[in-house]
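Trainee: I would like a close look at a single part of this model, followed through from one residue to the next and then set against the chain as a whole. Please choose the part yourself and explain each term as you come to it.

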Amino acid sequence: MTGKFPLQPLLDLANTRMDDAARRLGELIASERSGQQKLEMLENYRAEYRERFVDAARAGIGPDELRNYTAFINRIDDAIAAQHVVVEQSRNHTSQGQKVWMAQRNKVRAFDTLSQRHQDQQSRHESRQEQRASDEHAARQHLERDGD
C-alpha cells in the first residue's frame, strides 16, 4: 500500500476510547451486581429475622423484646430502602455506561468503514498502476519484436 490512512490517529484514539468505555462498563456492571446481591442478602436476612420474630411471638415475648424486634426490623427495612436507592443509581450508571460504549463503538465502526474504503481505493490504484506497467512492458516487447 502506498498511501497511509490519513485518519489512522483518530481511529486509534476511537479504539482506545472504546476499550476504556468497555472496561468502565464492565466495572459498572460488576458494581450493579454487587449492589443487587447486597439487597438480596438484606431481604433474605429480614425474612429470616421476621421468622424468628414470629416464632418468638408465638412462644410469648415481653414488651421489651417486642420493641427490640420491631426496632431491628425497622432498621433492616431502612437499610433495604437505602440499598434499593443504591441499586437504582447503579442501574442508571450502567445504562449511561452502555450508551457511552455504544457511541464509541459506532465511532470506531465509522472510522473502520472509512479505513476500508481507503484501503480499497489504494488497492484499485495499485492494480491500475500494475496493469499500466504490464501493458507498457508488453507494448515495448511487441515493438522490439517488430523492430527486429
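Mentor: Contact, as I shall use the word, means heavy atoms within 4.5 Å. What you see is a predicted model, in which local features need pLDDT of at least 70 and side-chain atom pairs count only at pLDDT 80 or more, while totals for chains, interfaces and linings use all residues. Residues are numbered from 1 along each chain as its sequence is written, and side-chain values use heavy atoms, with hydrogens and water left out.

The part I have chosen is helix H1, which runs over residues 8-59; helices (H or I, at least four residues) and strands (E, at least two) are DSSP runs, numbered from the N terminus. With its 52 residues, H1 spans 76 Å from first C-alpha to last, close to the 76 Å expected at 1.5 Å a residue, where the expected span is 1.5 Å times one less than the number of residues.

Several residues of H1 are buried, among them Leu11, Ala14, Met18, Leu28 and Ala56. Buried here means under 20% relative accessible area, exposed means over 50%, and partly exposed is what lies in between (1.4 Å probe, protein chains only). These five residues are useful landmarks, and I shall take them in turn with their partners.

Leu11 is touched by serine 115, which also touches Phe5, if one does not count residues up to four places away in sequence. Serine 115 belongs to helix H2, and because its relative accessibility is 7%, it counts as buried.

Ala14 can be paired with arginine 109, another residue of H2: the two are 95 residues apart in sequence, yet 9.3 Å apart in space, C-alpha to C-alpha. Arginine 109 has a relative accessibility of 49% and therefore counts as partly exposed.

For Met18, the partner to look at is alanine 103, 85 residues away in sequence and 8.4 Å away in space, C-alpha to C-alpha. Alanine 103 lies in H2 as well, and its 37% relative accessibility makes it partly exposed. Methionine 102 is likewise in H2, a helix that covers residues 63-147, and it too is partly exposed, at 41%; from leucine 13 it is 89 residues apart in sequence and 15 Å apart in space, C-alpha to C-alpha.

Leu28 is one of the residues touched by serine 90, together with Ser31 and Glu32, again leaving out residues up to four places away in sequence. Serine 90 has its place in H2, and with a relative accessible area of 10% it is buried.

Alanine 56 is a residue of H1 and counts as buried at 15% relative accessibility. Its contacts, leaving aside neighbours within four places in sequence, are with Ile61 and Tyr69; alanine 56 and tyrosine 69 are 13 residues apart in sequence and 9.6 Å apart in space, C-alpha to C-alpha. Just after H1, glycine 60 takes a positive phi of about 95°.

Now for the setting. The chain has 2 helices and 0 strands. Its radius of gyration is 35 Å, well over the 15 Å that the globule rule gives for 148 residues, so the chain is more spread out than a compact globule; the radius is taken over C-alpha atoms, and the rule is 2.2 Å times the number of residues to the power 0.38. Along the principal axes, the C-alpha atoms fill a box of roughly 125 × 25 × 15 Å.

Of the 148 residues, 20% count as buried. Among contacts between residues at least 6 apart in sequence, 85% join residues at least 24 apart, and the pairing of Leu11 with serine 115 shows you one contact to inspect in the model.
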